[in-house]
Amino acid sequence: MTELELTLTTGAAANGGSCVARHDGRVVFVRYALPGEKVRVRVRDERGSYWHADVVEVVDPSPDRVESLCAIAGVHGAGCCDLAFVEPAAARRLKGAVVANQLARLGGFQWHDEETATAEAVGATGATGWRTRVRLDTTAEGKAGFHRYHSDELVTDLNCAQLADGLVDGLSALHWQPGAQLHVALDAEGRRHVVQSGPKGARKATTRVVEGDYEAVQQIGGRRWRVPVTAFWQAHRDAAALYSELVAAWAQLRPGLTAWDLYGGAGVFAAALAEGVGESGRVVTVDTSRGASRSAREALSDLPWVSVVTDSVRRALAAQTGRADVAVLDPPRTGAGREVVDALAAADVPRIIHIGCEAASFARDVGLYLRHGYAVEELRVFDSFPLTHHVECVAVLTR
């Protein structure tokens, strides 16, 4: 489409990091804006009846706008910190409002009014320096970098404000295999591990340990996990322990009960559930990742009442005999979806703890539970990804 610039006044925040504005009856999603701002924008994409635009100039700024907390983010920078221009407490309110809106529209559930909803801070780290795991891509010239928003182009300045001290030190000065990915992690003792994989699409992709080890040791309480640097672990340094404590409290387990840990990864929640049900109980943790399952088997080897299953959640649920007293779900961004929620309802699981890292899919899943007769007993939203529009939502559903 022909390049078009407009001057607009933005309305409420939308899911995904934009604010909603209107032009001649058309909805325009504006990135890098806050509600109530007058901004000059450049339309970059037309999708049917919707336009997507970026801010070119802020004519009348919101009082919640600050100088960017990330040196490389913004319209012409990396897509890493899309809310770096928002005062952190205001950003938490903004995220809470988005979740409340999604829950009402897609889930049919009234959590809070959008004016009073807020996401909770995680830990004491603050808005910067919280990320202890990161994946970088590489240019055709072998430089490591972050993607620009919805682009294959990379920004090779690695000074992202999310990153913990020392996480990427020296990596920008090195030459990497073009097209490869770099997986970087700090372990529980602050030791760095760097693994190169790829390049993407290669007939013989390779994995090479550049620094440290292929597995990084992580710890929650007195238990340790050896997790591949290329596998999933919570990026926020305080998130895994926080969620583990929350699941243990909300599960309300007692000895002899049965718990399912679905999309269980390395078995962090399985460990918390195993303590609750004791040796007379049973825990089944399920994940499709072989690497995650290996980590779970090793970390939980002293808990013989925990079974580690490497399979899809759908197939694992179909194979279960008997009913779980509690099910914990931590699905990917796409959510659990109708088939899995239907299976849990058919299995008559009375208590479900559902975790979601994408507001719309989380709200949709909550609505699916409600249609099966579940009620929301507890719901909290966490600002687990400061400087970005992403959140983590946790709900307890009972029937």
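A disulfide is a pair of cysteine sulfur atoms within 2.5 Å. With that cut-off in mind, begin the tour of this predicted model by selecting Cys393, whose sulfur is 8.9 Å from the closest cysteine sulfur, that of Cys357, and therefore too far away for a bond. The structure as a whole holds zero disulfides.

**The eight-stranded sheet**

Next, select the open sheet of eight strands, which has the order 6-20-21-19-18-15-16-17 and mixed pairing. Its edges are taken by strand 6 (120-121) and strand 17 (306-310), each of which has a single partner strand, so that one side of each is left without a neighbour in the sheet. Within this sheet, colour strand 20 (residues 375-383) and strand 21 (residues 392-398), which run antiparallel and are joined by seven bridges. To find the register of this pair, centre on Leu379, which stands opposite Ala395 in strand 21.

**Helices across the sheet**

Now add helix 3 (residues 268-277), which lies across strand 15 (258-262), strand 16 (282-287), strand 17, strand 18 (326-329) and strand 19 (351-356), and which runs at about 170° to strand 16. Then show helix 7 (residues 359-371), which lies across strand 18, strand 19, strand 20 and strand 21 and runs at about 165° to strand 19.

**Three helix pairs**

Keep helix 7 in view and add helix 1 (residues 88-107): the axes of the two helices come within 8 Å and cross at roughly 45°. That angle makes helix 1 oblique to helix 7, and the crossing is right-handed. To display the contact, select Val99, Gln102, Leu103, Leu106 and Gly107 of helix 1 together with Ala359, Ala360, Phe362, Ala363, Arg364, Val366, Gly367 and Leu370 of helix 7. By class, the residues of this contact of helix 1 with helix 7 divide into nine nonpolar, three polar and one charged.

Which residues should be selected where helix 6 makes its contact with helix 7? Helix 6 (residues 337-346) packs on helix 7 at an angle of about 35°, with the axes 10 Å apart, and the crossing of helix 6 and helix 7 is right-handed. The residues to select are Gly337, Arg338, Val341 and Leu344 of helix 6, along with Arg364, Asp365, Leu368 and Tyr369 of helix 7. The contact of helix 6 with helix 7 has four nonpolar, one polar and three charged residues. Arg364 of helix 7 can be kept on display through both views, since it is listed in the contact with helix 1 and in the contact with helix 6.

Return to helix 3 and add helix 2 (residues 239-251), which packs with helix 3 at an angle of about 35°, their axes being 9 Å apart. Helix 2 passes helix 3 in a right-handed crossing. Select Ala240, Tyr243, Ser244, Val247, Ala248 and Ala251 of helix 2, and with them Val268, Phe269, Ala272 and Leu273 of helix 3, which make the contact. Sorted by class, the contact of helix 2 with helix 3 has nine nonpolar, one polar and no charged residues.

**The six-stranded sheet**

Move on to the open sheet formed by six strands in the order 9-8-7-10-11-12, where the pairing is antiparallel. Strand 9 (154-155) and strand 12 (206-211) stand at the edges with a single partner strand each, so one side of each has no neighbour in the sheet. Inside this sheet, select strand 10 (residues 181-186) and strand 11 (residues 192-198), an antiparallel pair joined by six bridges, and note that the bridge partner of Ala185 is His193 in strand 11. Follow the chain to Gly198 and Pro199, which are joined by a cis peptide bond with omega of about 5°. Pro199 is found in the loop between strand 11 and strand 12.

**Strands 3, 4 and 5**

Finally, go to Asp24, in the loop between strand 2 (18-23) and strand 3; phi of Asp24 is near 50°, a positive value in a residue other than glycine. Strand 3 (residues 26-31) pairs with strand 5 (residues 50-60) in the parallel sense over five bridges, and Arg31 has Asp54 in strand 5 as its bridge partner. Strand 5 also runs antiparallel to strand 4 (residues 38-47), to which nine bridges join it, with Val43 standing opposite Ala53 in strand 5. Strand 4 and strand 5 form a hairpin with two residues between them, and the last selection is Gly48 in the turn, which has a positive phi of about 65°.

How values were computed: Residues are numbered from 1 along each chain as its sequence is written. This is a predicted model: local features need pLDDT of at least 70, side-chain atom pairs count only at pLDDT 80 or more; totals for chains, interfaces and linings use all residues. Side-chain values use heavy atoms; hydrogens and water are left out. Two strands pair if DSSP finds at least two bridges between them. Helices (H or I, at least four residues) and strands (E, at least two) are DSSP runs, numbered from the N terminus. Contact means heavy atoms within 4.5 Å. Axes are lines fitted to C-alpha atoms, for helices over the stretch in contact, and angles run from 0 to 180 degrees between N-to-C directions. Angles under 35 degrees count as roughly parallel, over 145 as roughly antiparallel, 65 to 115 as roughly perpendicular and the rest as oblique. A crossing is left-handed if the near helix is turned anticlockwise from the far one by less than a right angle, and right-handed if clockwise. Ala, Val, Leu, Ile, Met, Phe, Trp, Tyr, Cys and Pro count as nonpolar, Asp, Glu, Lys and Arg as charged, and the others, Gly among them, as polar.
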